[in-house]
Amino acid sequence: MSAVQSAELRDEPEEKAAETPDEQPAAPPPLYPGAPPAQPPKPLPQLLLYMFAATVVGLTQALGMSFITVTIQQIAGPLKATTAEATWLLAAYLVPNASLTLMLFKMRQQFGIRRFAEYSIVLYVLISLCHLWTDSYQSAIIVRFFAGVAAAPMSSIAILYMLEGLPREKKFSIGICAAMTVISLGTPLAGLMAPVLLDHGGWQRLYICEIGLALISLALIYKLPLVSGERVKVISRNDLIAFSFLFVGMGALTVALTVGRIYWWTEKPWIGWLMILGVACLTIMVLMETHRENPLLDIRWITSAEIIHFTGALLIFRIILSEQSSGARAFFMMLGLGNEQLRGLYIVILIATIAAGATCSLLLKPGRVAAMHGFALVLLIIGTWLDSHSTSLTRPSQMYLSQTLIAFAAGLYLPPAMLVGIMAALKRGPNYLLSFIIVFLTTQRIGGILGSALFGSFVTWREQVHSAALAQDLAAGDPLVSQRIAQLAGAYGSTISDTVVRKAEGAVQFASQVRQQAYVLAYNDAFRFLCLLACVALVVLIVDVAFETWEHKRAAAEGLPA
C-alpha cells in the first residue's frame, strides 16, 4: 500500500543494461538512502506490461483477503466451525498484515528491491499451496496467519510495478491512482467470483484460484524485474526490539477489534486484556523510539498537529467508508440474500471504482486536493442518506445509485490524501518518508478494522433498542398481533396437526420478523449516523480551507512568507 515508498524503487545495479555516460540522463538525488536513481520512462509496450503485472499482483493480494471476507459463512461449514470461530481466520490473517509494513520497507532498502520482490512472491506461492492441505479449523488458522505474513509485501510490490517506468511527474497522479484503484477492486471482484468458484469445487476452489494468480504473479515478477539502488544496511538490533513491541501491540488490538463485536466487548474478559496488552506494548515502543538517536519512527513528527490532523481525517473517512464495506453487504445478508443476489451491486461498485480512479488520475494536482475531498464528502453524504431510507423490502437494485456514489467517493479521496502526506513528509526531509508510510498504512488497515468494528457494534446496540421498543408496542393480546401469528401459523397447517404447536411456530416466525424489522431500523440509524459524520467532516474541511485562505491573505498583506 505504500505508494510513496517508491517514487522510483528499482532493481539490482549489477543487472542494469550497460549504458555509456553520454546516454545516461541527469538524475535527481534519491529520495532516501538506498533509493534507486531516476530512470528514463519506459517505452509504452513495456510500460503497459509493468502496469499489467502491477494489476495481477495487486489483485492476487486483494482477492486472497476478500475471498475469506465474502464467504465466511460458506467456508465455516467445511471447517466444522461456527461463524464466530470462522471470524478468527480474518483475525489470523490481519495480525501480521497490519504491522509488517514497517520492517518490509527497511528490508527493501537492505536487500534490494528485485530480490525482495522475488523472495516475497515465492513465499506467497508456497503459503498458497499449503491451503490445499488444509483440512481442519486449526490448520486453517495457522495457514491464514502465514498467508497474512506472505501477503504483507504484495500491495507494496504492486505499487512499485505501477510506478515503474512512469515519468516522474506522472508517478503521483497516474501511478498512485491506478495502484489504489487496483487494490480497491478486491471485494467486488471476490463477490462476483466466489459464488461461481464455490459452485464448481467448494471452498478449495477459492484457494486454487488464488494459487493460479500467485503463479502468474511469480512469472511476471521474474520476467519483468524491478530496478533498485544501492543496498544500505538500515536494520539494527534495536529496530528488531522496537518492532517486536509494535507487532505484539498491533496484533493484540487487531484481534480485539476483529472479534470483539462478535463475542461482544463486555462479555469476554480476554477482549479487554488484549486491548490492555496492545496499548501497553505500543506505549513501550513509543517510549523507546522517542529516546533513540535513529528511531524506526519519528514519534515527535507523527504526534505533531499536522500529522494528527491528517491521521484523524483518514480515520474518519475510513469509518464512513465502512458503510459500503461492512454496511450494505451485511444489510442484505441479514435480509437473507447471498452473493449470487448481490452480483449486480458488485458490478456497479466495480465500475464506479474504476471510473473514480481514472477521473482522479486526470484531476489530481496539489492545488485541487481540498476540492476533490469536498466533492467526495458530498457524494458520501448523498449516498449514506439514500441508504438510510431502507426497508425490509429493499433490494440491491435500489442501492445501485447510492453505492455508486460511495464507491466513486472512495476513489476520489484516498489518492489526494496520499499526495498530501507525501508532500508533508518530503518538506521535512527524505527520512520522514518512512514515518509517513507507517501513518498512512496504519490508518488504512487499522482504520478499516476499526470502522467495521464500530459499525457492527452500533448496529447491534441499536437493534437491541429497537427490539425492546417493538416488543413493548406489540403486546400479545393485541388483535392485530394475534391475527398475524395466526396467519403465520396457517403456513404449517399441512405439516403440523397440533394446534398448540402450530401456534407456537407462528409465534416464532412473528418474533423473527420483528427482529428483522429491528435490524432494518438499526442499519438505517447507522447509515444516518455516517451521513451526519460526513456532514461534520465537510464542515470542518470548509472551515479549515477558509482559515488557511485567510492566513495566506493576512500574511500577504503584512509582507510575511505564506
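Modeller: A residue is buried under 20% relative accessible area, exposed over 50% and partly exposed in between (1.4 Å probe, protein chains only). This is a predicted model, where local features need pLDDT of at least 70 and side-chain atom pairs pLDDT 80 or more, while totals for chains, interfaces and linings use all residues. Residues are numbered from 1 along each chain as its sequence is written, and side-chain values use heavy atoms, without hydrogens and water.

Biologist: Happy with that! Is valine 122 buried, partly exposed or exposed?

Modeller: Valine 122 sits in helix H5 (helices are DSSP runs of H or I, at least four residues, numbered from the N terminus). Its relative accessibility is 32%, so valine 122 counts as partly exposed.

Biologist: And is threonine 87 buried or exposed?

Modeller: Threonine 87 belongs to helix H3, residues 83–97. Beyond four places in sequence, threonine 87 contacts Ile72, Thr258, Val259 and Ile262 (heavy atoms within 4.5 Å). Because its relative accessibility is 9%, threonine 87 is buried.

Biologist: Which helix gives the most to the largest nonpolar core?

Modeller: A nonpolar core joins buried Ala, Val, Leu, Ile, Met, Phe, Trp, Tyr and Cys residues through side-chain atoms within 4.5 Å. The largest one has 99 residues, of which Phe67, Tyr161 and Phe332 touch the most other members. With 13 residues from the stretch 44–70, the top contributor to this core is helix H1.

Biologist: How many residues does the second, separate core have?

Modeller: Among the members of that second core are Phe408, Leu414, Leu419 and Ala537. Its residue count is 35.

Note on methods:
Helices (H or I, at least four residues) and strands (E, at least two) are DSSP runs, numbered from the N terminus.
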